[in-house]
Amino acid sequence: MLKKSTAAFMIVAALLCGSLLTLGVTGYASIFGQAAGEGAAAVVAAGGLQEKESQKLGTALSLIEGYYYEKVDRTKLIDGAVNGMMEALGDPYSNYMGKETAEKFEESIEGSFSGIGAEVSSDNGKVVVVSPIKGSPAEKAGIQAKDVILSVNGETLEGMELNAAVAKIRGPKGSKATLKIQRTGAAEPLEFVLTRDDVKLETVYARLEKDGVGVIEVTQFSMNTAERFKEELGKLEKQGMKGLVIDVRNDPGGVLPVVIEMAEQFVPSGKVIVQVEEKDKKPEVSTSKGSSKDYPVVVLMNKGSASASEILAGALQQSAGAKLVGESSFGKGTVQTSFDKQLGDGSLLKITIAKWLTPNGTWIHGKGIKPDIAVAQPDYFSVAPINKSATLQYNMNSTDVKSAQTMLDGLGYKPGRKDGYFDAATKDAVKKFQSASRLQATGIIDAKTAEALELALIKIIQDPVNDNQLNKGIAEVQKEIQAAASKK
């Protein structure tokens, strides 16, 4: 199990979260046989503070109010006490949200929010990106899953409670957030300057490729995602689709009943979709009431595919015969319920109430799901941005030069090496790029050239022709379509 400490959040301008695997207290019946709210009411009635515990907390509050050298905010103290209890669980997915935070959480569940558009969790006092959201400022800037956010606008986040860290990151639309990022493989921290924006979360994108291969990208499992997925799937089938690629890369998850409803469209009736195991109870098995498809299905995933994405991938692989293509997934195997009524002041507790298992009983927490066909993206997909404050030139050796060489190579300018040493061949490649970009061909990488390199590379990355994982997924579906046709 991953050793982590606090809650997971979606960074939003007024706050975030909502894309972790969640059972809502309101609006959905629990798959455990009773409404989550009803279960909570029974627990609250039976529990609460014992007399000694109540006395201890009350005394601590009185001492602080009586002796602390400055005036204190009683509400903040109470909120801090509740927050402290949640932190003591050592679970990154159980957390307390004040009224404003809770409202933003509900907004993100509904599918819209404002901010930089990246979900984060806390790992041993470090703020770690789970995944960026499609089309968000974070994705456009090149933020990646597993990136560690070290600071925001010069303020360190090291050791900061996650709610406080998110408060530093959020801000009004149009404002700047300068993030220092530590990325695996990068010797020095990377700097990203993002402009906060409204993130309109359309969660389902569909298209029909050649040879009858449909592609449906799911960016998050929000309240309306199952309905939108069914709608787009129906359109593709009416267009004569012969096989399907479901893309859940960088999809951080969402609402449990939604992913179950989606999986039912592929898993034969009676077969297992997911097992959910509460404390001291046998796993509750969720079986499909749907039916299988007569065409091949491939699921694309990567290290940013978490939670509900992993449930869908596991269910379709183990119960519907789908192939998984890409990279191992994130590894989030727990279920949360949001209690938004019991505290009585608009605040909310999101508590991990169970772990989920794949149809064959595997708990993937901290490990993820391995693909049937492992496919890596080109190295320039994950290249670090260049530090714009430094000028790179002949005979230098640095990680920034290495990034520039990787970019030049991805753009087809072939520097001949990608080890960080700025040699004559690198200088020649820089000159060729500068000439093609209508920049002065100096062979020196200044801020203007660095920005031009990054913008040109974004276009290459966004071109599906260069997406190794997508192309492999489509090719695999085409192969199965041809194999099925040859048997007829």
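**Aromatic pairs, a mixed sheet and selected local contacts**

Tyr 413 is partly exposed, with 24% of relative accessible area. I begin with that residue because its value falls between the 20% below which a residue counts as buried and the 50% above which it counts as exposed. Please keep in mind throughout that we are looking at a predicted model.

Let me place Tyr 413 among the aromatic pairs. The structure holds four of them, and I shall discuss two. In one, the rings of Tyr 68 and Tyr 69 have centres 5.1 Å apart and planes at 55°, so this pair is classed as tilted. Tyr 68 is partly exposed at 44% relative accessibility, whereas Tyr 69, at 67%, counts as exposed. In the other pair, the rings of Tyr 413 and Phe 433 have centres 5.7 Å apart and planes at 85°, so the arrangement is edge-to-face. This pair links distant parts of the chain: Tyr 413 sits in the loop between α10 (399-410) and α11 (424-436), while Phe 433 belongs to helix α11, 20 residues apart. In contrast to the partly exposed Tyr 413, Phe 433 is buried, with a relative accessible area of 3%.

Two lysines also involve aromatic rings. The charged end of Lys 332 sits over the ring of Tyr 93, 4.6 Å from the ring centre. Likewise, the charged end of Lys 355 sits over the ring of Trp 363, at 4.4 Å from its centre.

Lys 355 brings us to Glu 277, since Glu 277 touches Pro 283, Ala 354, Lys 355 and Leu 357, leaving aside residues up to four places away in sequence. Glu 277 is placed in strand β15, residues 272-278, and counts as partly exposed at 24% relative accessibility. From C-alpha to C-alpha, Glu 277 and Ala 354 are 5.4 Å apart in space, although 77 residues separate them in sequence.

For the chain as a whole, the inventory is 13 helices and 21 strands. Of its 488 residues, 49% count as buried. Among contacts with a separation of 6 or more, 68% are between residues 24 or more positions apart.

I turn now to a sheet. Six strands form an open sheet with mixed pairing, in the order β12-β13-β14-β17-β18-β21. Which strands stand at its edges? They are β12 (204-208) and β21 (373-374); each has a single partner strand, so one side of each is left without a neighbour in the sheet. Helix α9, residues 308-320, packs on this sheet and touches β14 (243-247), β17 (297-301) and β18 (323-326). The direction of α9 makes about 150° with that of β17. At the β12 edge, the pairing with strand β13 (residues 213-218) is antiparallel and runs over five bridges. Within that pairing, Leu 208 has Gly 214 as its bridge partner in β13.

The loop between β17 and α9 contains Ser 305. Is this residue buried or exposed? At 1% relative accessibility, Ser 305 counts as buried. The side chain of Ser 305 reaches the backbone oxygen of Val 248 at 2.7 Å. Not counting residues up to four places away in sequence, Ser 305 touches Val 248, Arg 249, Asn 250, Asp 251, Glu 310, Ser 329 and Phe 330.

Next, a hairpin. Strand β5, residues 118-123, is mostly covered, with five of its six residues buried. Six bridges join β5 to strand β6 (residues 126-132), and the two run antiparallel. One of the bridge pairs is Ser 122 with Val 127 of β6. Two residues lie between the strands of this hairpin, and Asn 124 takes a positive phi near 50°.

Finally, I should like to consider helix α8, residues 256-263. Why is this helix described as largely enclosed by the rest of the structure? Seven of its eight residues are buried, and the description follows from that count. The buried residues are Leu 256, Pro 257, Val 258, Val 259, Ile 260, Met 262 and Ala 263. As background, an α-helix has 3.6 residues a turn, so residues three or four places apart point the same way.

To close, I return to the pair with which we began: the partly exposed Tyr 413 and the buried Phe 433, whose rings meet edge-to-face with their planes at 85°.

Definitions and conventions: Residues are numbered from 1 along each chain as its sequence is written. This is a predicted model: local features need pLDDT of at least 70, side-chain atom pairs count only at pLDDT 80 or more; totals for chains, interfaces and linings use all residues. Side-chain values use heavy atoms; hydrogens and water are left out. Two strands pair if DSSP finds at least two bridges between them. Helices (H or I, at least four residues) and strands (E, at least two) are DSSP runs, numbered from the N terminus. Contact means heavy atoms within 4.5 Å. Axes are lines fitted to C-alpha atoms, for helices over the stretch in contact, and angles run from 0 to 180 degrees between N-to-C directions. Rings of Phe, Tyr and Trp (its six-membered ring) pair if their centres lie within 6.5 Å; planes under 30 degrees apart count as stacked, over 60 as edge-to-face and the rest as tilted. Buried means under 20% relative accessible area, exposed over 50%, partly exposed in between (1.4 Å probe, protein chains only). A charge sits over a ring if NZ of Lys or CZ of Arg is within 6 Å of the ring centre and within 35 degrees of the ring normal. A polar contact is a pair of N or O atoms within 3.5 Å; within protein, one must be able to donate a hydrogen and the other to accept it, and residues adjacent in sequence count only if both atoms are side-chain atoms.
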